[in-house]
Amino acid sequence: MIDTTLSLLGIAGAMTVGAMSPGPSFVMVARTAVASRSDGLAAALGMGAGGLAFAIAALAGLQAAFLAVPGLYLAIKGFGGAYLIYLGFRIWRGARQPLAMTQDADVSSTRPQGRGLHTFLLGLATQVSNPKTAVVYASIFAAFLPREVPLVLALAVPAVIFCIETGWYAIVALALSSAAPRSAYLRYKVWIDRAAGGVMGLLGLRLVWSALRGN
């Protein structure tokens, strides 16, 4: 029981640090949250769902599959990079478009019906678009999990990772949906969006270039 607890705590600590590292997921949630708190929380839930999917895949041996079929990893990396480039382009292109604020952001307007589901799916897609995350998950699991994983640990690890990913991005969404950060964003929206789109696109290009080089 002690070994199980220590393994779970080690994984939780490593994954918390990883979740807090800046990347495409942070950019997406931050940009969404300044427009709508509820959409930001929906995006955070999508990040948690993506983390849950990666955790289950890693426990199921995705790293072993990547090692056995190198082309699979390169293909997923290429598609993931292409998606990030597309997402970055959309953000850049929409930089000058006025932002429709919702009622939960203290501005009177009508919230588009079904937007929460759309944002959830966008968050999920953003999270799973980087296959390196799966390798990181698998590496952390290999470092902390015992050779024979007990059922209680196999069930607890995905649940803990879901809570970590969702919890961190929910904190980001709540912080950036408050008045002061929102006002600052609206004031400098064009430049912030272009910077965010540029970062997203560069991350995607890096993934595609790495895939083409076979790394």
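Start with the outside: the accessible surface of the protein chain comes to about 11400 Å², and 70% of that belongs to carbon and sulfur atoms. Keep in mind that what you're looking at is a predicted model. The chain has 215 residues, and 40% of them count as buried.

Now for the layout. You'll find 10 helices and zero strands in the protein chain, so reading from the N terminus gives you α-α-α-α-α-α-α-α-α-α, by the DSSP runs used here. How do distant parts of the sequence figure in the contacts? Take the contacts with a separation of 6 or more: 88% of them come from residues 24 or more positions apart.

Let's go inside. In soluble globular proteins, nonpolar side chains tend to be buried together. The largest nonpolar core here has 17 residues, and the ones touching the most other members are Ile-11, Met-15, Tyr-137, Phe-141, Leu-145, Val-157 and Ile-161. Helices H1 (2-20), H3 (37-59), H7 (132-144) and H8 (151-176) each give two or more residues to this core. H7 provides the largest share, with five residues. There is also a second, separate core of 10 residues, with Ala-44, Met-47, Tyr-169 and Val-172 among them.

Zoom in on Tyr-137, back in the largest core. Which residues does Tyr-137 contact, leaving aside neighbours within four places in sequence? They are Met-15, Gly-51, Phe-54, Ala-55, Ala-58, Ile-161 and Glu-165.

Leu-145 is another good one to click on. You'll find Leu-145 in the loop between H7 and H8. Is Leu-145 buried or exposed? Its relative accessibility is 15%, and the cut-off for buried is under 20%, so Leu-145 counts as buried. Not counting residues up to four places away in sequence, Leu-145 touches Ile-11, Leu-59, Leu-153 and Val-157. Leu-145 and Thr-4 are 141 residues apart in sequence, yet their C-alpha atoms are 8.3 Å apart in space.

Val-160, in helix H8, makes a nice contrast. With a relative accessible area of 24%, Val-160 is partly exposed. Beyond its neighbours within four places in sequence, Val-160 is in contact with Leu-8 and Ala-12. Val-160 and Ile-11 sit 149 residues apart along the chain, with 9.0 Å between their C-alpha atoms.

Next, follow helix H5, which covers residues 70-93. H5 has 24 residues and reaches 35 Å from first C-alpha to last, close to the 34 Å expected at 1.5 Å a residue. Its buried residues include Tyr-73, Lys-77, Leu-84 and Ile-91. An α-helix has 3.6 residues a turn, so residues three or four places apart point the same way. Ile-76 is also in H5, but at 31% relative accessibility Ile-76 counts as partly exposed. Together with Val-69 and Leu-72, Ile-76 makes a nonpolar surface patch of about 210 Å².

Finish at helix H10, residues 189-213. Why does the span of H10 make sense? At 1.5 Å a residue, its 25 residues should span 36 Å, and the end C-alpha atoms are indeed 36 Å apart, so the two agree. The buried residues of H10 include Val-190, Asp-193, Ala-196, Gly-197, Met-200, Gly-204 and Leu-207. After H10 comes Gly-214, whose phi is positive, near 80°.

Notes:
Residues are numbered from 1 along each chain as its sequence is written. Side-chain values use heavy atoms; hydrogens and water are left out. Helices (H or I, at least four residues) and strands (E, at least two) are DSSP runs, numbered from the N terminus. The expected span of a helix is 1.5 Å times one less than its number of residues. Buried means under 20% relative accessible area, exposed over 50%, partly exposed in between (1.4 Å probe, protein chains only). A nonpolar core is a set of buried Ala, Val, Leu, Ile, Met, Phe, Trp, Tyr and Cys residues joined through side-chain atoms within 4.5 Å. Contact means heavy atoms within 4.5 Å. Patches are made of residues with over 30% relative accessible area and no salt bridge: like charges are joined within 9 Å, nonpolar side chains (Val, Leu, Ile, Met, Phe, Trp, Tyr) within 5 Å. Accessible areas come from the Shrake-Rupley method with a 1.4 Å probe; for residues, only the protein chains shown count as cover. A salt bridge is a side-chain nitrogen of Lys or Arg within 4 Å of a carboxyl oxygen of Asp or Glu.
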